[in-house]
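Reader: Hello! I would like a close look at a single part of this model, with the cut-offs spelled out as you go. Could you walk me through one strand and the sheet around it?

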Amino acid sequence: MGRGGSAEVVVDDTDVLKPRTDTREYRCVGLGNALQALIISDPDTDKAAASMVVNVGSFSDPEGLEGLAHFLEHMLFFSSEKYPEEDSYSKYLTEHGGHSNAFTAAEHTNFHFDVSADYLEEALDRFAQFFICPLLSADATSREINAVDSENSKNLTMDMWRMNQLTKMVSSKDHPFHKFGTGNLDTLDIGPKKRGVDTRDELVKFYTANYSSNLMRLVVYGRESVDELTDLVHKKFSSIKNTGRKAEKFSGEPCLPEHLQITVKAVPVREGHNLEMMFPITPEIQNYIAAPSRYLGHLIGHEADGSLFALLKKLGWANSLSAGEIDSSLEYGFFMIAVELTDIGQEHMEEVVSLTFQYIRVLQQQGVAEWMFEEVRAVCEMKFHFQDKRPPINYVTDLAGNMLLYPPRDWLAGSSLPRRFDAEAVAGLIGQLTPERVRCSFSVTFPLNYESFYFVKSAGRTRLLGTPSGGCVGTQTDFFLYECAADSIRCSPFRIFWYSKQFEGKTSEREPWYGTDYIIERIEDNLVQEWSQAPTNEKLHLPMPNVFIPTDFTLRDPEPKGDHPFILRKTHMSRLWFKPDTKFHTPKACIQMQFNCPESHFSPEASVLTRIFTKLLVDYLNEYAYYAQVAGLNYSIVTTGTGFQVSVSGYHHKLITLVEKIIDKVVNFEVEEERFSVIKEKVMKDYLNFRFQQPYQQVMYNCSMLLEHKRWHINEFIEVLPSLEARDLTAFFPRILSRVFFECFIAGNLTSSEAEGLVEQIENTLSDGPLVKAKPPFQSQHSEQRILKLRPGADWYYPIAGTNPQDDNSALQTYFQVGQDNTHMNVLLELFVLAAKREVFHQLRTVEQLGYVVFLMSKNDYGVRGTHFIIQSTAKDPRGLEERVEVFLEQFEKDLQKMSDEDFKKNVDTLVEIKLEKHKNLWEESRFYWGEIEDGTLTFDRPQVEVAALKKVSKEELLDFVAQNIARNSPNRRKLSIQVYGGQHLVELKSAMGEPLQDDDPKPAAVEVATQGDGAILDSKALPRAAADRIENIYTFKRSQELHESLRGGKHPAFA
């Protein structure tokens, strides 16, 4: 096979723009079947990956078969002519340390996987069969429709999905933007059957018509050379058929005139008020080099003094604001300004909109600032050239999407690098965001070779400009077409979506797919005119130059060199762990500080006040620290179970300056009553919105409540919060800092003297604070994290109703506690999970179709290890799900006994590869080390220690581990099941609670006899649960149990 011009493989000599610090090798190639590929060679990687994007998505769904493209995405994972065993692709990846996923977008579908680097070739071969010869069997088709329906069911109570579909509903029915893309049982099964349509036949037709190699883009990432990877791509993917199909173009605007100048009021599921202003715009992809949307998004979304958000915040009207381009394609785009309103802001919606237009007017009047563009460009260049390595699967997925949109030179950069200042392009976009814009109430002959038009207002005149076909909007190729007085032509090119529960009972329409209630109201012309002519608020202005943009990227010589963190400094008030960067050679650092404050969580009131304290700190810092965030410094301040935690990361140059500012705000903290009220309101909404979490999230929360020794329930927070006032926090704050011990971990491009000096300064600042002189805690006050120790033979279950009555989904978490951190036990537990999790997915999700959310994972609670099954389902109630788990385990134990020595060794080798997988960047490494510090385990060489133990483990030891800790009949097993019953399983909940059924209650579903996919009986047990095993009260239960020792602050010499 030749290269550089053969008919089979053509190497594109384009010099791909890549980060200066990137040592990987890239190659762009084209196969003889017109498939384009990007080859990435990384000799240092231990994970290989690939992603294929197909230029067809939900916009191409046939009428009456909504979700067909998404359904096809699901089906391609099942089997192929070459590999007919169902789920063999997923099995192969799991057996070799990998995983896979896919998603369907409006105009493309993306498939991706990763695998241990040594196994790329066969993984690629299996992956390629998706696009060469998938089976799409009738049996799998009929089953997998249920998985799509379950996925859609999961989304029905999620506002993100509901409101996104509402924006589509309020658009032209003739544009595919209007479509419902997920699909459900009605669109893919019931409806087609009624019309005599065979869904599988349509699936095959859709695949045959659209999955053509010329519409595909492939990224392959491996440790082999680019020549070897090129040969591999040619060998595996040249057989994909090229039907010559052209990618569909969806021309025209989604919004007709009747969809503009309107307010759509809708009722959300969750508490809160949200305002979204949406403007149809020319998509930035047509001029991504100038990046007008990025420039405007930066300014409109800014949060420092002079910004729109800073003013709304001062008025007490907004909690957050974001701005930028969304839902864009090559043909159309939307610019959205989204504001989370406070209760007071909800009453001032029109003023919020007016201020938004006033800020846009400021941008118009002051003109496009070249210095601001250069600042945006400098930050983007810095982030691009110093970007961290990411997991290969994430990297290839993003790049595959870029390949559909950009020329080869920009496949890596995409639109992330603004490179040309174009004032006219930006001005053109600003003109598209004004409250009044040209409607065609005049006559102009448009040249046929012009594909888009836009308007620019200046000096009291409106100019119409046109972009030639193939040109970029806002460039010098644009042609002047028409000019008139600005006031002579008007329209309102925007629409407002306004979400609040205050609109309940005031709506007139219901969105059909998710059931969102809404009403559409026309915005009167006089209101638009009022917004256009309102005087500009004097507090609105451009931001100041960003002093946080780093200029020092010098790499420090790491000293002292070492492979693991060590204690650099320790006093009665602090402990500093230090780890210089010896691997990644990047000008970045990471600082984690856990402030353990004994007084912070002694009661529910104390916990709530501590949370408000941390949120007020962030609130007060925002105008200053936002500049730091823009410049690549990230920070967070959050409450923990023992106090609060400050995390700061990013470029080392200005990082310590930001930390010092945060600590200064901590010690000089004062309560501003108006801001306290706003934060209190937000915190209450967050608590109340817990009711609308997914059932599987609710079981996980309740499991933590049952296992953690000291933890207040969210219902207690909801009870105490209304009575708390600003004066309570003023009185309580000194108690938070009265006794403090802070654990600090510093890693990256900082010297040991800088780290030590910073911690010493923090300690001195706390000890000599202007408001509180902090002291070290007493020995009896040092933090501890204790987990319940379930007794051998425990078989507890906790049945409760879901907190959202409108959610039909039920959920189960079945947890098996194994023991406290122990190397031999750890590796046996993880070996069990690795061997079982693929079978769990196949049997319980794929074959039995219990639900879309089905997984098995290890669980680590401050060093106490276990494993848990989590299933969310409408198909069965939690008791039925629990029985399916038990039946699965019985069968799996039998299968494990039959496992060959060769297969056992494969599992061991896979787990070894997973454990030895290198950290990709400083943050991954720091997260691992910080986790060891937080848990108190301090096993910084855990991968090496556990790999050594793994290599000595026998199959008999694994069988004994399962028999002792997992098997149903084991007297040593420690089991806890949390059962959340959804809206359609409330009768089953009564039965689980031992409550008598009423005459009008429907009969609860019986636990079915377990069968395999082929109908063979596996087990007929359906053991009734003893009432003695039922947990009726969390706190009574916790008081009756023993506790594991606390590893944090425990026996380890570091804690002495």
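**Strand β4 and its sheet**

Author: Happy to! I40 stands opposite Y221 in β7; strands here are DSSP runs of E with at least two residues, helices are runs of H or I with at least four residues, and both are numbered from the N terminus. I40 belongs to a pairing in which strand β3 (residues 36-41) and β7 run parallel over 6 bridges, where pairing requires that DSSP finds at least two bridges between two strands.

A word on the basis: this is a predicted model, in which local features need pLDDT of at least 70 and side-chain atom pairs count only at pLDDT 80 or more, while totals for chains, interfaces and linings use all residues. Residues are numbered from 1 along each chain as its sequence is written, and side-chain values use heavy atoms, with hydrogens and water left out.

Y221 also leads us to β4, since A49 stands opposite Y221 in β7. Strand β7 (residues 216-222) is joined to β4 by 6 bridges, and the two run antiparallel. β4 also pairs with strand β6 (residues 109-116), again in the antiparallel sense, over 8 bridges. Within that pairing, V54 stands opposite T109 in β6.

Now for the surroundings of β4. Of the 8 residues of β4 (residues 47-54), 8 are buried, so the strand is largely enclosed by the rest of the structure; buried means under 20% relative accessible area, exposed over 50%, and partly exposed in between, with a 1.4 Å probe and protein chains only. K47, A49, S51 and V53 point one way, A48, A50, M52 and V54 point the other way, and all are buried.

Stepping back, the 7 strands form an open sheet with mixed pairing, in the order β1-β2-β3-β7-β4-β6-β5. Its edge strands, β1 (9-12) and β5 (99-104), each pair on one side only. On average, neighbouring strands of this sheet are turned by 15 degrees against each other, direction ignored.

Two helices complete the picture. Helix α3 (residues 120-128) lies across β4, β6 and β7, running at about 155 degrees to β6. Helix α2 (residues 88-95) lies across β5 and β6, at about 40 degrees to β6. Contact here means heavy atoms within 4.5 Å. Axes are lines fitted to C-alpha atoms, for helices over the stretch in contact, and angles run from 0 to 180 degrees between N-to-C directions.
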